[in-house]
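Student: Could you take me through one part of this protein slowly? I would like to see how one piece sits among its neighbours.

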Amino acid sequence: AQLKSTISANKEAKSQIINKNIYGHFAEHLGRGIYDGIFVGENSTIPNTKGVRNDIIKALKDLSIPNLRWPGGCFADTYHWKDGIGPKKERPTIVNRWWGGNTEDNSFGTHDFLDLAKELGAEPYLAGNLGSGEVKELSDWVAYVNGVTKNPMSDLRKKNGQDKPWNVKYWGVGNEMWGCGGNMTPEFYANLYRQYSTFMTDWNNSDKLFRIASGANIDDYHWTEVMMRDIPRGLIEGVALHSYSFSNWEKKGDAVDFSEDEYFATMKSALRMDELIQKHSAIMDKYDPEKKTALIVDEWGGWYEVEKGTNPGFLYQQNTMRDAMIAGVTLNIFNQHSDRVRMANLAQTVNVLQAVILTKGEKMLLTPTYHVMNLYKAHQDAQLIPLNIDSPNYSNKTETLKAVSGSASEKNGVTTISLVNIDSKNSVEASIDLKDFKSKNFTAKIISSNKINDHNSFDKPELIVPKDFKNIKKEKDALKLTLPPFSVVVLTSN
Ligand code: AHR
């Protein structure tokens, strides 16, 4: 029998602006993410601007990325920012102890990153080092990049060629402090956080800092409880959450050659984001009913085994239609919880984990995930239209998931509805009740392919790209469309 789904606007539910920062990205010094990815150096034969690939700059600008988190990840708690400023030839090296153990020359440092963020029109999000750094080191970093009044750090910045401060607003106060950041207990970290955040000030800038506490791993609700309970509201603007999608953490499986069971398990893991946000938010609501502190999902995405023959520490993986499904459902979840989730960062931008861009020498390709984020960018800073979705089930032998997920928003009179059907075999007939939508006429784009394992390769970089989706009919007050198996459809009113 044909599976059916009905979708309508939920007029009872509260609505708010979907913060554009939900569409943020994360670029760590990891594998070929920065070096031999984003940054090829000024002397490269690959066209670049101050060492950053021009094709990547263009692709990220087209994507309207609102923010970029750097330099880690686990790397952040080993990074000493002063080693990455001043004449490049004089910079000391650093061994990337978490990721591959290679020696980096620090040629991509604070100026390079902040100039890149400016070029992209993205807010920089700097992750500070608590694990192996000092209070002075982090407070000096704030003074260096944001200092207005004369102080040794702003003088040093000027000497290094940057007269005006960059006004960096978003600051991570450590990363994964329960693990690679120092294996701390939440109670110990909360105290340390209080100390560090006290000495991070906005150094006379009008824009106040937005300080983000290292957050829970997946369902560690106790961690969130302690952050919210032990850190005074005046010292914390956001608390993080990290949750990746995978079929089995111990045996992650191939990024391309995965089975139906692995696909199902990955979808289950991705959809769990909804439950995680609800439960972490419920704890936050207890201490912060006015929702002043944001939940920042600053690491999310699919995580598989590295591509065969590549360095296991470099986390290079291909990106298939499975990843398009992860992106589609996760962004729908974030949109719906945008009252509390006000920033998120996909891990990671180029050549690492669920990347939006892959490179090989001078070649570059855009992954299916890129195309999903590109269609969804219409939701950035738009007014959420909460939805009621009646979805058919997608089941394996023992478990059942909802096949259809979606979210909708309105900005400048344009309504955007993004729908995902994760069912790997069955199409779903969707009927959108337009009664409570201002707009009645829509065009649509679709991301789909013949096989769930399909991906863009360097030989066929455009196998998966968004296509016009003409198969929509208006019947009275309803819009009827058939969502093919594993597809993302984004409708735009005209
Ligand atoms: O994104 C890769 C790694 O995953 C990050 O360095 C770390 O924060 C997380 O465990």
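Which residues are exposed on the other side of helix 5?

Tutor: Happy to help! This is a predicted model, in which local features need pLDDT of at least 70 and side-chain atom pairs count only at pLDDT 80 or more, while totals for chains, interfaces and linings use all residues. Residues are numbered from 1 along each chain as its sequence is written.

Let's begin with the helix itself. Helices (H or I, at least four residues) and strands (E, at least two) are DSSP runs, numbered from the N terminus. Helix 5 covers residues 186-198, and its 13 residues should span 18 Å at 1.5 Å a residue (the expected span is 1.5 Å times one less than the number of residues); the end C-alpha atoms are 18 Å apart, which agrees.

Now for its two sides. A residue counts as buried if 20 or more other C-beta atoms lie within 10 Å of its own, exposed if 12 or fewer, and partly exposed in between, with C-beta atoms placed from the backbone. In helix 5, the buried residues are Pro-186, Tyr-189, Ala-190, Tyr-193, Tyr-196 and Ser-197. They cover an arc of only 130 degrees around the axis, which puts them on the same side of helix 5; the arc is that of the directions from the helix axis to the C-beta atoms. Your answer lies on the other side of helix 5, where Glu-187 and Gln-195 are exposed.

What does the buried side meet? Its residues pack against helix 3 (135-146), strand 9 (170-173), strand 10 (210-217) and helix 6 (221-230). Here, contact means that the C-beta atoms of two residues, placed from the backbone, lie within 7 Å.

Let's step back to the wider setting. The domain assignment, which is automatic or taken from a database, gives domain 1 (3-9 + 386-493) and domain 2 (20-380). The C-alpha centres of domain 1 and domain 2 lie 29 Å apart. Their contact takes 31 residues from domain 1 and 34 residues from domain 2. On the side of domain 1 that touches domain 2, strand 20 (404-411), strand 21, strand 23 and strand 27 each supply at least two residues. The largest share of that side, five residues, comes from strand 20.

Strand 27 (residues 487-493) is worth a look too: five of its seven residues are buried. Two strands pair if DSSP finds at least two bridges between them. Strand 27 pairs in the antiparallel sense with strand 21 (residues 414-421) over six bridges, and Asn-421 stands opposite Ser-487.
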